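Subject: Structure for your review

Dear colleague,

Please find below the structure that I am handing over to you. My notes on what was found in it follow, and I would be grateful if you would read them alongside the coordinates.

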Amino acid sequence: MTPPVTGLSDSLVTESTPTIAKSGGCGCDSSTTVEVDEKLKERIAKHPCYSEEAHHHYARMHVAVAPACNIQCNYCNRKYDCANESRPGVVSELLTPEEAAHKVLVIAGKIPQMTVLGIAGPGDPLANPEKTFRTFELIADKAPDIKLCLSTNGLMLPEYIDRIKQLNIDHVTITLNTVDPEIGAQIYSWVHYNRRRYRGVEGAKILLEKQLEGLQALREADILCKVNSVMIPGINDQHLVEVNKVIRENGAFLHNIMPLISAPEHGTHFGLTGQRGPTQIELKSVQDQCAGNMKMMRHCRQCRADAVGLLGEDRSQEFTKDKFLEMAPEYDFDKRQEVHEGIEKFREELQAAREKVVAGKTQTASNPKILVAIATKGGGLVNQHFGHAKEFQVYEVDGREVRFISHRKVDHYCQGGYGEAATFDNIVKTIADCKAVLVSKIGESPKEKLLQAGIQAVEAYDVIEKVALEFYEQWNKG
């Protein structure tokens with residue numbers, strides 16, 4: 001079993017695999033018992049953000065055509081002409097709709113597994129409606145197989161539902177952090193609505209009313225909605241279970257609880273005032289509490305507003321304006337479909353391999369659960385050298401099921417000797433709760449250091465579930 005041939009570097013097929021036993025083909029979260037109907041599975045099958053399984057194989061891109069915003073979040077500081085930060089609201093350069101459409105057609109040819117075009121900023125797409133919808137119009141006309149998405153704070157969503165439906169925008173993400181205006185007053189500095197700026201509880205209440213109205217309108221229009229919630233310890237962390245309940249009742253099908261990114265150098269209010277982000281354990285705890293209510297997204301990378309490629313990678317610097325404007329569009333519908341057929345065939349082979357792995361495995365109530373870290377370049381395989389990993393996929397294993405939990409970013413270890421000691425210490429700290437790290441290759445020195453830290457290094461090149469379960473059997477016997 002080998003990844004499909006696309007003519008591209010295998011680094012374009014990235015990350016790890018979904019869970020085996022309960023995902024129902026969606027791959028969003030196996031811990032929930034919510035059934036996903038066939039129509040929904042078909043709609044998200046090639047959407048890397050809406051399907052955890054799809055993100056191992058399909059790419060997305062964002063175009064930065066929406067600079068203005070109508071609210072000010074305390075965790076946001078939009079930065080332009082910035083290539084050094086990877087977080088929402090950051091872009092290297094702004095584009096016109098015509099430039100954005102040209103860029104999409106160029107990249108659709110060079111990265112044929114790119115299936116989704118999103119507008120997520122750097123401001124709010126619906127605070128820039130003319131630029132946003134003009135961009136979608138140009139792309140829908142010339143590249144009909146690319147899904148169109150937008151991400152919004154929801155303030156103006158009710159006003160543009162008809163336009164969104166008219167353009168066949170099938171997926172909308174709303175960032176909704178609270179259903180309590182008192183909490184909202186701690187998250188939002190101001191809300192600009194109907195030519196007036198509102199602050200405190202008054203502004204948060206207006207925003208919430210429009211968000212819930214927009215969410216219900218999306219459901220009525222049969223447009224899929226994912227809700228993003230930024231987890232802010234001490235402010236909304238204990239409240240997110242209530243948020244989860246309310247958004248499900250109002251039509252959202254997927255909830256992405258993501259950690260606050262907070263550092264002084266980002267220049268945000270929270271960063272400058274010392275508000276910390278959640279730990280991995282805190283984040284997982286809240287996600288687990290919400291998972292029984294609706295599907296959870298755990299593979300989000302909190303992408304830049306000009307991200308290009310598969311989740312977990314960013315190729316935006318390969319396609320800066322001075323470069324892509326000199327490139328002729330290479331969009332070829334038939335060639336793209338051929339690549340997608342190859343990916344789907346590989347996915348079928350991979351699923352068959354997973355099912356074979358778990359056949360005959362037994363699970364008892366006494367089986368303890370452990371975490372393992374995976375170094376992977378994608379395709380559902382353990383296939384990356386320890387020293388080359390920029391992130392590790394973390395899975396929970398119990399002897400039968402192998403369940404994706406999170407991704408954890410690290411600085412890659414092999415740096416020619418420069419800074420390797422500090423980098424290694426950071427890696428150990430990042431995966432300290434894991435019993436093993438599964439890699440395609442690792443040197444004897446880091447292997448020994450990991451063992452001293454209580455983490456076993458396992459070398460393999462195979463399906464993630466197979467390697468994880470084989471390690472579990474060995475660990476459980478020991």
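Does Asn 250 count as buried or exposed? Asn 250 counts as buried, because its relative accessibility is 11% and the cut-off for burial is under 20%. Please bear in mind that this is a predicted model, as are all the details below.

Surroundings of Asn 250

Asn 250 sits in the loop that links α7 (240–249) with β9 (254–259). Its side chain reaches the backbone oxygen of Val 246, at 2.8 Å. When neighbours within four places in sequence are set aside, Asn 250 is in contact with Leu 212, Leu 215, Gln 216 and Arg 219. These four residues fall in helix α6, which covers residues 200–220.

The sheet beneath helix α6

Helix α6 lies across β2, β6 and β7, and runs at about 60° to β6. Those strands form an open sheet of 3 strands, in the order β2-β6-β7, with antiparallel pairing. β2 (71–73) and β7 (196–198) are at the edges with a single partner strand each, so one side of each has no neighbour in the sheet. From one strand to the next, the twist averages 20°. Between β2 and β6 (residues 188–193), which run antiparallel, there are 3 bridges. Within this pairing, Ile 71 is placed opposite Val 191 of β6.

The sheet of 8 strands

A further open sheet contains 8 strands, ordered β10-β9-β8-β5-β4-β3-β1-β11, and its pairing is mixed. At its edges are β10 (295–296) and β11 (308–309), each of which pairs on one side only. β9, the strand that follows the loop of Asn 250, pairs with β10 in the parallel sense over 2 bridges. The bridge partner of His 255 is Met 296 in β10. Helix α9 (residues 280–291) packs on this sheet and touches β8 (224–231), β9 and β10; the direction of α9 makes about 165° with that of β9.

The nonpolar core

In soluble globular proteins, nonpolar side chains tend to be buried together. In this model, the largest nonpolar core has 79 residues, and the members that touch the most others are Met 114, Leu 117, Phe 136, Ile 169 and Val 172. Beyond four places in sequence, Ile 169 touches Phe 133, Phe 136, Leu 148, Cys 149, Leu 150, Ile 164 and Ile 223. Phe 136 thus appears both in that list of contacts and among the core members named above.

The chain as a whole

The protein chain has 478 residues, of which 58% count as buried. Its secondary structure amounts to 14 helices and 16 strands. Of the contacts between residues at least 6 apart in sequence, 74% join residues at least 24 apart.

Confidence in the model

The mean pLDDT of the chain is 83, with 85% of residues at 70 or more. Among the elements, helix α5 (residues 181–187) has the highest mean pLDDT, at 97, and β11 has the lowest, at 76. Two stretches should be read with their confidence values in view. Over residues 5–34 pLDDT stays under 50, and the model has 117 contacts beyond four places in sequence for them. Over residues 415–419 pLDDT also stays under 50, and there the model has 2 such contacts.

With kind regards

Key
Residues numbered from 1 in each chain as written. Predicted model: local features only at pLDDT ≥ 70, side-chain atom pairs only at ≥ 80, totals over all residues. Heavy atoms only, no water. Pairing = 2+ DSSP bridges. Axes fitted to C-alpha atoms, helices over the stretch in contact; angles between N-to-C directions. Contact = heavy atoms within 4.5 Å. Buried < 20%, exposed > 50% of the residue type's maximum accessible area, 1.4 Å probe, protein only. Polar contact = N/O pair within 3.5 Å; in protein donor to acceptor, adjacent residues only side chain to side chain. Core = buried A, V, L, I, M, F, W, Y, C linked by side-chain atoms within 4.5 Å. pLDDT = per-residue confidence, 0-100.
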